[in-house]
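User: Please take a close look at a single strand in this structure. Describe what it pairs with and how covered it is.

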Amino acid sequence: QVQLVESGGGLVQPGGSLRLSCAASGFTFRFYAMNWYRQAAGKERELVATITSTGGSTNYADFVKGRFTISRNNAQNTVYLQMNNLKPEDTAVYYCNVRRTNDYWGQGTQVTVSS
């Protein structure tokens, strides 16, 4: 069964950095693109970044371009989100996602950007 387990969230000051990790199991990780989404309180869930199965191509939402970097390690079945120059508006629960015949989600990890 598909499992996605996020970690690495926390409280950080504006301008700070965090690195999120998502450990995947239950499917052949190296065959699938992976996504990071986020959902702020009272808002819709939104796509943050996508990485192809080989890691050869990435895409980002405009609001994180130049600040966030998605990467993956197929040997360790893990996808990462490096977040730099964090802003208060980046505060949200961040979710790892894989789309197969269905969408699968992790439990999420809270990121709070506040002074």
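Analyst: In this predicted model, strand β9 and strand β10 pair in the antiparallel sense, with 3 bridges between them. Strand β9 covers residues 92-99, and strand β10 covers residues 103-105. The two strands form a hairpin, and 3 residues lie between them. One pair that can be picked out in the structure is R99 with D103, its bridge partner in β10.

Strand β9 also pairs with strand β11, which is made of residues 109-113. These two strands run antiparallel and are joined by 3 bridges. Here V93 has Q110 in β11 as its bridge partner.

A further pairing of β9 is with strand β4, residues 34-39. This pairing is antiparallel as well, and 5 bridges join the two strands. Within it, W36 has C96 in β9 as its bridge partner.

How many of the 8 residues of β9 are buried? The number is 6, so the strand is mostly covered; a residue is called buried when its relative accessible area is under 20%.

For another part of the model, look at strand β3, residues 18-25, which is joined to strand β1, residues 3-7, by 5 bridges. Strand β3 is also joined to strand β8, residues 78-83, by 6 bridges. Both pairings are antiparallel. Residue A23 can be followed through the two of them: A23 is the bridge partner of V5, and A23 also stands opposite T78 in β8.

Conventions: Residues are numbered from 1 along each chain as its sequence is written. This is a predicted model: local features need pLDDT of at least 70, side-chain atom pairs count only at pLDDT 80 or more; totals for chains, interfaces and linings use all residues. Side-chain values use heavy atoms; hydrogens and water are left out. Two strands pair if DSSP finds at least two bridges between them. Helices (H or I, at least four residues) and strands (E, at least two) are DSSP runs, numbered from the N terminus. Buried means under 20% relative accessible area, exposed over 50%, partly exposed in between (1.4 Å probe, protein chains only).
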